[in-house]
Amino acid sequence: MNKNYYAILMAGGVGSRFWPVSTADFPKQFHDMLGSGDTLIQKTFSRLSKVIPVENIFILTNERYNDLVLEQLPMIQQEQVLLEPAMRNTAPCILYASLKIQKLNPNAVMVVAPSDHWIEDEVAFSQNLEQCFTFCETENALLTLGIQPTFPNTGFGYIEYDESDANAIKKVRQFREKPNYETAKSFLVAGNFLWNGGIFIWSVQSIITAFEVFQPQMTALFQKGNESYNTKDEKVFIEQNYASAENISIDYAIMENAANVYVLPATFDWNDLGTWGQLHEKIDKDENNNGVINAKVILENASNNIVRSDANKIIVIDGLHDYIIVDKEGILMIYPKSKEQDIKRITGLANDL
């Protein structure tokens, strides 16, 4: 296993669209959302550890989730958990982690990946990741894994690549914002558009250089801590300075500005598991397309529902179609799948009760 390979696993999100299972105190990446026996972060860590030494995998998360990370990933050390004292989107935390890794190993190549995505073909994922690492070892490249679109999704950003590029790894023309339905259909027809899955690969030198060019103020802020990284003084420096960083994503901060951006069209299945409906697509279903997770159910005249319960009770459903039914610690939610984007709003209403 290559000692120059590193991973940054981002695990700070709240996953509010998966309420009431996912909450601010216990977000979705720490739940077994698929009923597989492993939580999402455990599955992601296991997938990355097939390519990357366990000691080279760092977890970026909010400080409130430190104990959850250590409990679910007992094979890592406290120093592998990078704690954000404030939520500042993806650019600051990636720069922070990159500077830490550079100090450990200036020859490092690294992958940045969300902790809560679903990938079934882990062999293909490993092959794609190693192909990206090999490319970034010799090229000054900011590389992303693009997902082959299967339908005109309006909920994802897209990556447009140069269709004349015959290489396996393509030069990116531009990133495109979440489109309307007609635009998304035109992207699929064009054939040179991929979903932006938020998985990035680069050498530590390439990404830090990009930050120096496009985010000089943020880079100066975090480089003040170079002496403290990987020492007992790091925690104090981060607590005193992190909140001063701009709240900005890596896409806006770097990827949409840089000229040396490339994409590898992924060969694995992928789902960002962003909503109950997307989860429903990936779990086993009965002959009426009902998906059940951790629940004892009697279903009659019911179809296309997703049912999840953490309670030791039998759930009887008759006459419901296209619903989300979730029973979780004092909350029972019966909600139309067609309105699942409103669950985030309902979460706020419930918090006021």
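Hi everyone, let me start at helix 8, which gives the second largest pocket the largest share of its lining, four residues. Helices here are DSSP runs of H or I with at least four residues, strands are E runs of at least two, and both are numbered from the N terminus. A pocket is an open set of points on a 1 Å grid over the protein atoms alone, where a 1.4 Å probe fits and protein lies on both sides within 12 Å along at least five of seven lines; lining residues have an atom within 4 Å of a point.

Before going on, a word on what we are looking at. This is a predicted model, in which local features need pLDDT of at least 70 and side-chain atom pairs count only at pLDDT 80 or more, while totals for chains, interfaces and linings use all residues. Residues are numbered from 1 along each chain as its sequence is written, and side-chain values use heavy atoms, with hydrogens and water left out.

Back to the pocket. The space in it comes to about 460 Å³, where the volume is what probe spheres set on the points fill, with grid points joined across faces, edges and corners. Its lining has 21 residues, and Q78, E79, V81, K100 and E234 are the ones nearest the centre. Strand 3 (81-84), helix 3 (90-104) and helix 8 (234-241) each contribute at least two lining residues. By type, the lining has nine nonpolar, five polar and seven charged residues. For that split, Ala, Val, Leu, Ile, Met, Phe, Trp, Tyr, Cys and Pro are nonpolar, Asp, Glu, Lys and Arg are charged, and the others, Gly among them, are polar.

Strand 3 has a second role in this talk. It runs parallel to strand 2 (residues 57-62), and four bridges join the two; strands pair if DSSP finds at least two bridges between them. One of the partnerships is T61 with L83 in strand 3. Between these strands the chain passes through helix 2 (residues 66-72), in a right-handed β-α-β crossover. Right-handed means that, with the strands pointing away from the viewer, the path from the first strand over the helix to the second runs clockwise.

Now the cysteines. How many disulfides does the structure hold? Zero, taking a disulfide as a pair of cysteine sulfur atoms within 2.5 Å. For C93, the closest cysteine sulfur is in C136, 19 Å away and so too far for a bond. C132 also has C136 as its closest, at 6.5 Å, again too far. C93 is buried at 4% relative accessibility, and C132 is buried at 0%. Buried means under 20% relative accessible area, exposed over 50%, and partly exposed in between, with a 1.4 Å probe and protein chains only.

Finally, some backbone details. W19 and P20 are joined by a cis peptide bond, with omega about 5 degrees, and P20 sits in the loop between strand 1 (5-10) and helix 1 (40-48).

Which residues have a positive phi without being glycine? One is N230, at about 65 degrees, in the loop between helix 7 (216-223) and helix 8. N230 is partly exposed, at 32%. Another is L273, at about 45 degrees, in the loop between strand 9 (261-265) and helix 10 (276-282). L273 is buried, at 1%.

Thanks, and I'm happy to take questions!
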